[in-house]
Amino acid sequence: MSTHHTTHGHIGHERASGFDVAMAELLELDAEVLRPYLTELTDWIANLADSVPARIMDLGSGPGTGSLALADRFPAASVTAADISPQMLHRLQKQAATHGVAGRIRTLEANLDEPWPLSGKGEPYDLMWAAAFLHHLSDPARTLAQAYGQLRPGGLLAVSEMDFFPRFLPEDVGVGRPGLEARLHAVTNTEPPHEWDRTLMDAGFTVDARRPFEIRLTASQAGPALVRYAQVCLTKLRSHADDALEADDLAALDALLDETRPLGIVRRGDLSVRTTRTTWIARRP
């Protein structure tokens, strides 16, 4: 996930006062709950690299969950986190200090939808990471061409996309009709799946691999942040469902989000996480 967002397709991420704080919480919860997936993903990238990456760039870094995961997996690497939001980058700097990696992560405030301010400066990168970022750009092909120019020959670009918000609830939540979450997703997920093979190849890359990660975590595997993560995600979807869901489904969803109700999200013991993330590994020849 990144902070470069538009208001079409998947649930629009509106840029407004307080937006960055709310989005940062969502992204950080996502990384905390899906830590097993991030570990598997970064291990896979390490196995595909022709050498241990020394210079890494996180494109559209947001609060830096990807930057921190990469710094952890590649402890000798330096990481540049580029994002349009100074608030997100400030949050990353604080998190980097907390994790003891402030000396290895630098931040770059930049609109990556425009010509890059880093073009032609410094050594090329060994690895670039773009998580849920490319589809928010007005011209992904231009951005990929710039990424190509900043990678060394043999360097990798890892592009990840999420299918949609995760699912958390059982089929029958005990309120309203069974299948509530499936109907909520059906009416709010209006954008077709993203595919990047052709765009990557047109930019000059070879696509080494395309891998969907089917993530299925129980409450114990996801950890204590799961409840808050589910609450934040379902609240976000609820804000876009007024004119899409039937009245009884809206009432059931409101009951689930009510912290005082016995079957509310914060009191449930039957939550899990089910989602799919797809990653393309592209190499500069």
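What percentage of the 285 residues of the protein count as buried? The share is 54%, where buried means under 20% relative accessible area, exposed means over 50%, and partly exposed lies in between (1.4 Å probe, protein chains only).

## Basis of the model

This is a predicted model, in which local features need pLDDT of at least 70 and side-chain atom pairs count only at pLDDT 80 or more, while totals for chains, interfaces and linings use all residues. Residues are numbered from 1 along each chain as its sequence is written, and side-chain values use heavy atoms, with hydrogens and water left out.

## Overall fold

The protein has ten helices and seven strands. These elements are DSSP runs numbered from the N terminus, with helices being H or I of at least four residues and strands being E of at least two. The C-alpha trace spans about 60 × 40 × 35 Å along its principal axes. The radius of gyration is 19 Å, which agrees with the value near 19 Å that a compact globule of 285 residues would have. That radius is taken over C-alpha atoms, and the globule rule is 2.2 Å times the number of residues to the power 0.38.

Contact here means heavy atoms within 4.5 Å. Of the contacts between residues at least 6 apart in sequence, 81% join residues at least 24 apart.

## Surface and charge

The exposed area of the protein is about 12,300 Å², and carbon and sulfur atoms supply 52% of it. Accessible areas come from the Shrake-Rupley method with a 1.4 Å probe; for residues, only the protein chains shown count as cover.

The protein carries 28 positive and 38 negative charges, and the mean positions of the two sets are 4 Å apart. Lys and Arg count as positive and Asp and Glu as negative, whereas His and the chain ends are not counted. Each charge is placed at NZ of Lys, CZ of Arg, CG of Asp or CD of Glu.

## Aromatic pairs

A search of the whole structure finds five aromatic pairs. Rings of Phe, Tyr and Trp (its six-membered ring) pair if their centres lie within 6.5 Å; planes under 30 degrees apart count as stacked, over 60 as edge-to-face and the rest as tilted. One of the pairs is formed by tryptophan 44 and phenylalanine 213, which are edge-to-face at 5.7 Å centre to centre with 75 degrees between the planes. Tryptophan 44 lies in helix α2 (residues 35-48) and phenylalanine 213 in strand β6 (residues 206-217), so this pair ties together parts that are 169 residues apart in sequence. Both residues are buried: tryptophan 44 has a relative accessible area of 14%, and phenylalanine 213 has 3%. Tyr37, Trp44 and Phe213 form one aromatic cluster.

Tyrosine 148 and phenylalanine 205 also form a pair; their ring centres are 5.2 Å apart and their planes are at 80 degrees, so the pair is edge-to-face. It links distant parts of the chain, with tyrosine 148 in helix α5 (residues 140-150) and phenylalanine 205 in the loop between α7 (197-202) and β6, 57 residues apart. Tyrosine 148 is partly exposed at 22% relative accessible area, whereas phenylalanine 205 is buried at 3%.

## Helix α3 and valine 101

Helix α3 (residues 65-73) has Gly66, Ser67, Leu68, Ala69, Leu70 and Ala71 as its buried residues. They pack against α2, β1 (55-59), β2 (78-83), α4, β3 and β4 (125-131).

Valine 101 sits in the loop between α4 (86-98) and β3 (105-109) and is buried, with a relative accessible area of 12%. Neighbours within four places in sequence aside, valine 101 is in contact with Leu68 and Ala96. Its C-alpha atom is separated by 8.5 Å from that of aspartate 72, 29 residues apart along the chain.

## Other loop and helix positions

Valine 175 is in the loop between β5 (151-162) and α6 (180-188) and is buried at 17% relative accessible area. Beyond neighbours within four places in sequence, valine 175 is in contact with Ala252, Ala255 and Leu263. The C-alpha atoms of valine 175 and leucine 256 are separated by 7.9 Å, with their places 81 residues apart along the chain.

Alanine 132, in the loop between β4 and α5, has a phi near 50 degrees, a positive value in a residue other than glycine. Alanine 132 is buried, with a relative accessible area of 5%. Alanine 141, in helix α5, is partly exposed at 42%. The C-alpha atoms of alanine 141 and threonine 218, 77 residues apart along the chain, are separated by 38 Å.
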